[in-house]
Amino acid sequence: MKNCIWIALAAATAAACAGPVGPQSPVDKQATAQTKALYVRLSELEGVMFGHQDATLYGYTWRYEPGRSDVREVCGDYPAVYGWELGDMELGRDRSLDGVPFDRIREHLVAAYLRGGVNTVSWHCNNPVTGGNAWDARDVRAVASLLPGAENHGFLLESLDRLAAFFQSLRTPDGTAVPVIFRPWHEHTGDWFWWGAAQSSREDYIALWRFTVDYLRYDRGVHNLLYAFSPDIVSSEEDYLDRYPGDDYVDILGADCYYGKDSTYVQSACRTLDVVERLAAAKRKVGAFTETGYEGVPGPVWWTGTLLPIIRDRHIAYVMVWRNAYREELDNHFFAPYSGTVSAEDFNAFYASPVTLFENDLPEMYR
Ligand code: BMA
């Protein structure tokens, strides 16, 4: 009895002391236990996890060498977040648009999870109308053509079936489904993808997003996903929410913003992340800087001089930079440092900052 009173008192005190309630659970009520745990972890972590697209698959000077990562070769630690790309899976191919076999992606994604890492997946889907790639944005019919009753709806179903099978195949050796942050139809505020705002109506874009989530969740029973919404830069909450599919369809409020040739990056990134943080707090969801980077990172102090001040003091779960393309395929297309590059030393200072979290900073329980 006495114990009960103490427990009741402790609970009441904890409730009274607790701050605003943070994100509670993913929008998918049937999300697996590991997916729910990932969401809690994303909302509770103190600091900003660092992510790198395709981190362990290849680097600037190597490809498919087990254990390697350009980030690790610079700072001695793996990233905490990994991005992977599924473009071309919708065509039934066994390699991505970047030539990476999907079997390898699965292997690296599961290995990253077993080390305590967080996985996020993007999808540069080919244009269903023209047969061109994701950047073939000449045609304005593509999004509408995928909706129920329209001529390419079958293509959408087939594509989502393929993605669903991939998501469901992400299992640890003991059969546990690996949780993944899925970030479809990204950067839709720009005009460079066929699903962009200049190429589709607001209603059709939202319908495509909702159909994608509902189909994977209810028709295919995929329950190991968190959904991330990631426009490019925005200037206001209104702007951000213009094509927002609704709170029941999004777990993570993200945004993408790249360093360009002009000097607007810091201002644009800060303004956009201010919006992300405010909306994430209001909606009790997780915020993230889902893609960023400076191609070729020519600035020797870009990490601590530019990126760190942008992410410091922010309630965002992670910041992810884009891939280090293998230079024999694509020269100077790298966004993380590699050993010997001009920003490598500065990256070590960025790594050492208490703000940034890499694999070794993750709580033991996640590793
Ligand atoms: C882009 C570039 C392309 C790549 C695509 C998907 O931003 O890196 O080379 O094909 O992402 O990974």
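Q: Which residues are linked in a network of salt bridges?
A: The model is predicted, and the structure holds 20 salt bridges. Two arginines and two acidic residues are linked in one network: Arg-202, Glu-203, Asp-242 and Arg-243.

Q: How many residues apart in sequence are the parts that the pair Arg-63 and Glu-329 ties together?
A: The side chains of Arg-63 and Glu-329 form a salt bridge, with N and O 2.6 Å apart. Arg-63 belongs to the loop between β1 (48-53) and α3 (70-75), and Glu-329 to the loop between β8 (318-321) and α11 (344-352), so the bridge ties together parts whose separation in sequence is 266 residues.

Q: Is Arg-63 buried, partly exposed or exposed?
A: The buried class ends at 20% relative accessible area and the exposed class starts over 50%. Arg-63 has a relative accessibility of 34%, so the residue counts as partly exposed.

Q: How many residues apart in sequence are the parts that Glu-359 and Arg-115 tie together?
A: A salt bridge joins the side chains of Glu-359 and Arg-115 at 3.1 Å, N to O. Glu-359 lies in the segment after β9 (356-357) and Arg-115 in the loop between α4 (102-114) and β3 (118-122), so the parts tied together are apart in sequence by 244 residues.

Q: Which class of accessibility does Arg-115 count in?
A: Its partner in the salt bridge is Glu-359. Glu-359 counts as buried, at 10% relative accessibility. Arg-115 has 22% relative accessibility and therefore counts as partly exposed.

Q: Is Arg-138 buried or exposed?
A: Arg-138 meets Asp-136 in a salt bridge of 2.8 Å between N and O. Asp-136 has 10% relative accessibility and counts as buried. Arg-138 has 69%, so this residue counts as exposed.

Q: What is the distance between the C-alpha atoms of Leu-170 and Pro-363?
A: Leu-170 is located in the loop between α6 (153-168) and β4 (180-183). Along the chain, Leu-170 and Pro-363 are 193 residues apart. Their C-alpha atoms are separated by 23 Å.

Q: Which residues is Leu-170 in contact with, leaving aside its neighbours within four places in sequence?
A: Leu-170 is buried, at a relative accessible area of 0%. With those neighbours left aside, the residues in contact with Leu-170 are Arg-106, Leu-109, Val-110, Thr-176, Ala-177, Val-178 and Val-180.

Q: Within what arc do the buried residues of α6 fall?
A: The buried residues of α6 are His-153, Leu-156, Ser-159, Leu-160, Leu-163, Ala-164, Phe-166 and Phe-167. Viewed down the helix axis, these residues line one face of α6, because they fall within an arc of 160 degrees.

Q: What do the buried residues of α6 pack against?
A: The helix has 16 residues with an expected span of 22 Å, and its end C-alpha atoms are 22 Å apart, which agrees. The partners of its buried residues are α4, β3, α5 (142-146), β4, α7 (202-219) and β5 (225-229).

Q: What arc do the buried residues of α2 cover around the axis?
A: Helix α2 (residues 33-44) should span 16 Å with its 12 residues, and the distance between its end C-alpha atoms, 16 Å, agrees. Its buried residues are Thr-35, Leu-38, Tyr-39, Arg-41 and Leu-42. They sit on the same side of α2, because the arc they cover is only 165 degrees.

Q: Which elements do the buried residues of α2 pack against?
A: On the other side of the helix, Ala-33 and Glu-44 are exposed. The buried residues of α2 pack against β1, β3, β4, β5, β6 (252-258) and β7 (286-293).

Q: How far is an oxygen atom of the ligand from an N or O atom in the side chain of Asp-98?
A: The residues around the ligand include Glu-85, Asp-98, His-124, Trp-322 and His-333. A ligand oxygen lies 2.9 Å from a side-chain N or O atom of Trp-322, and a polar side-chain atom of His-333 is 2.6 Å from a ligand oxygen. For Asp-98, the distance is 2.5 Å.

Q: What is the relative accessible area of Asp-313?
A: Asp-313 is in the loop between α10 (302-311) and β8. Its phi is positive, near 65 degrees, although the residue is not glycine. Asp-313 is exposed, because its relative accessible area is 72%.

Q: Is Val-297 buried or exposed?
A: Val-297 is placed in the loop between β7 and α10. Its phi is near 30 degrees, a positive value in a residue other than glycine. With a relative accessibility of 0%, Val-297 counts as buried.

How values were computed:
Residues are numbered from 1 along each chain as its sequence is written. This is a predicted model: local features need pLDDT of at least 70, side-chain atom pairs count only at pLDDT 80 or more; totals for chains, interfaces and linings use all residues. Side-chain values use heavy atoms; hydrogens and water are left out. A salt bridge is a side-chain nitrogen of Lys or Arg within 4 Å of a carboxyl oxygen of Asp or Glu. Helices (H or I, at least four residues) and strands (E, at least two) are DSSP runs, numbered from the N terminus. Buried means under 20% relative accessible area, exposed over 50%, partly exposed in between (1.4 Å probe, protein chains only). Contact means heavy atoms within 4.5 Å. The expected span of a helix is 1.5 Å times one less than its number of residues. The arc is that of the directions from the helix axis to the C-beta atoms. A residue is near a molecule or strand if one of its heavy atoms lies within 4 Å of it. A polar contact is a pair of N or O atoms within 3.5 Å; within protein, one must be able to donate a hydrogen and the other to accept it, and residues adjacent in sequence count only if both atoms are side-chain atoms.
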